[in-house]
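User: I should like to learn how to read nonpolar cores, salt bridges and pockets in a protein model. Could you guide me through them?

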Amino acid sequence: MAGIWAWAETWELLQEVLRLGKSLGEQMGASLTAILSEQLVAAEGCFAQGADRVLRLPALPPELPMEAIVPVLAGQAQQDCPELVLIGSTQRGREIAARLAGQLQAGMVSDCIAVRFDRAQGLEMDRVMYGGRAVQTVRCLTRPQMATIPARAFPVSPPAAGSSGEIVDLPAPEAGKVAVVARKPKAAISGNLLEARTVVCVGRGLETEADLALARELAAVLGAEIACTRPVVEEYHWLPEHLCIGLSGQQVNPNLYLGVGVSGQVQHVVGIKDAEIICAINRDEQAPIFKVADYGVVGDFREVLPRLIEELKQAGSR
Amino acid sequence: MAGLLGSVIASRLEYDLILCGDGSSDRYSQQVGPRLAEKLGIPVVTAVVGLELESDRIIAERKLETNLEVVAVKLPALLTVLPDLNTPRIPGLRDTLDAAKKPVVTIAAAELPPVAAALIETVALQGLVLERNCVQFGADANAIRQLVETLRKSGAVG
């Protein structure tokens with residue numbers, strides 16, 4: 001029976017990749033193998049997410065980067081001949097997938113956001129290209145078919161209890177030519193944009209930090225997380241990078257996204273396409289954000305925001 | 001692309017360090033760098049935001065999702081770098097004049113090694129469409145009241 005492999009750097013993402021693998025496995029008649037880095041979770045966690053088998057990698061010594069697992073995976077893939085290899089798309093995941101694809105001389109679809117299986121056509125995978133302007137549909141012509149899977153692109157279903165399967169221990173990776181000499185924390189990450197039900201996002205239309213304070217006041221009234229577009233991080237330096245929404249930042253799916261002074265460049269819009277409701281305030285009625293917004297307010301946010309804050313407070317107290 | 005670059009580099013060039021961007025601006029598949037390194041059989045460090053040369057090795061800082069990782073890699077090696085690495089300066093007149101004197105080697109298509117068979121095929125390419133209501137409100141107090149009412153009815157605000 002053809003097999004599907006799933007690997008991801010974090011348990012959260014591995015669950016998503018496993019669920020996708022499980023649903024494809026049912027359609028393709030393929031078994032599901034979890035490649036599990038031992039320190040993430042007990043193997044039973046993978047069985048509960050639908051895995052039939054777990055290939056377990058030992059925890060790595062601190063000087064080995066995670067990428068050192070590539071030769072181990074390549075060796076095992078040559079024995080196993082999986083039909084499909086799905087890898088969670090993180091920085092490490094993308095490197096590991098590309099190198100594994102290189103070693104296996106296999107085609108690989110980066111950041112697959114949708115996949116369809118058809119008995120005659122096989123797998124068709126969608127990915128975003130041209131900075132978010134287009135969706136490219138791709139088929140792999142080689143085996144294994146490979147793809148990296150971004151976080152939150154596919155749903156996670158609740159785990160099934162009591163499943164079990166085979167556990168195989170993989171050999172420990174050998175030291176490669178890259179050695180880790182230090183790990184440093186990034187700037188503290190506050191709030192939780194990815195889980196937020198409401199997001200207030202500020203764009204380049206803001207001119208002063210007092211404007212930002214006004215947007216924060218709106219966020220406080222709405223119980224929203226604050227976020228921003230890339231220029232606010234790179235040109236204004238007002239907010240940290242992890243609050244940046246877009247193709248090269250976070251992709252969010254709140255109930256309500258409220259853009260303040262956001263023009264709606266496509267690179268940003270890709271990051272909000274899954275929002276339930278998009279609302280935008282911009283003084284330029286030609287701003288592209290209005291074409292992708294459910295509700296638009298054409299006006300100066302310095303006038304609109306105080307009115308909106310007042311109205312929301314009243315609505316809240318009614 | 002990685003296969004072609006690999007053949008040209010391996011057959012014509014001596015190198016200690018290969019620098020690649022993190023991805024092309026059209027497809028942004030982020031595969032060429034790591035695949036090229038595999039093809040050449042040299043180590044790769046991706047997502048580099050800082051680097052220092054230390055005799056025959058590079059100390060590189062990688063930006064990962066949750067932390068920064070500092071690695072040492074012996075040359076020859078390939079690095080893929082993120083835009084955070086530096087801010088390119090604007091070239092001056094002197095630089096522009098000097099640049100014109102630098103050698104440019106053109107490799108004709110006929111001189112290239114045969115291109116390997118494609119590994120993937122694009123079967124469709126479509127513009128991204130977002131279907132939204134596109135209802136517009138004015139900016140006066142009345143219109144804002146209507147907006148809040150609409151948001152409230154849709155369940156977006158409490």
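Analyst: The dialogue below takes these features in turn, for a model that is predicted.

User: Which residues touch the most other members of the largest nonpolar core?

Analyst: A core is read through buried nonpolar residues whose side chains are joined. Here the largest core has 60 residues, and those touching the most other members are Val200(A), Val202(A), Leu218(A), Ile245(A), Tyr257(A), Leu258(A) and Leu308(A). Helix α8 (residues 301-317) of chain A gives the most to this core, with seven residues. Another core, of 31 residues, lies apart from it and includes Ala6(A), Leu18(A), Cys46(A) and Ile149(A).

User: What does the salt bridge between Lys74(B) and Asp56(B) tie together?

Analyst: A salt bridge is read from a side-chain nitrogen of Lys or Arg within 4 Å of a carboxyl oxygen of Asp or Glu. For Lys74(B) and Asp56(B), the closest N and O atoms are 3.7 Å apart. Lys74(B) lies in strand β4 and Asp56(B) in the loop between β2 and β3 of chain B, so the pair ties together parts 18 residues apart in sequence. Asp56(B) is partly exposed, at 39% relative accessible area.

User: Is Arg62(B) buried or exposed?

Analyst: Arg62(B) is buried, with a relative accessible area of 2%. Its salt-bridge partner is Glu69(B), at 3.0 Å between the closest N and O atoms, and Glu69(B) is also buried, at 0%.

User: Which element gives the largest share of the lining of the second largest pocket?

Analyst: That element is α2(B), with six residues. The pocket holds about 1,300 Å³ of space, and its lining divides into 17 nonpolar, 18 polar and nine charged residues.

Terms used: Residues numbered from 1 in each chain as written. Chains lettered and ligands numbered in written order. Predicted model: local features only at pLDDT ≥ 70, side-chain atom pairs only at ≥ 80, totals over all residues. Heavy atoms only, no water. Core = buried A, V, L, I, M, F, W, Y, C linked by side-chain atoms within 4.5 Å. Buried < 20%, exposed > 50% of the residue type's maximum accessible area, 1.4 Å probe, protein only. Helix = DSSP H or I, 4+ residues; strand = E, 2+ residues; numbered from the N terminus. 1 Å grid on protein atoms, 1.4 Å probe; cavity = no way out; pocket = protein on both sides within 12 Å on 5 of 7 lines; lining within 4 Å. Points joined across faces, edges and corners; volume = space filled by probe spheres on them. Nonpolar A, V, L, I, M, F, W, Y, C, P; charged D, E, K, R; others polar.
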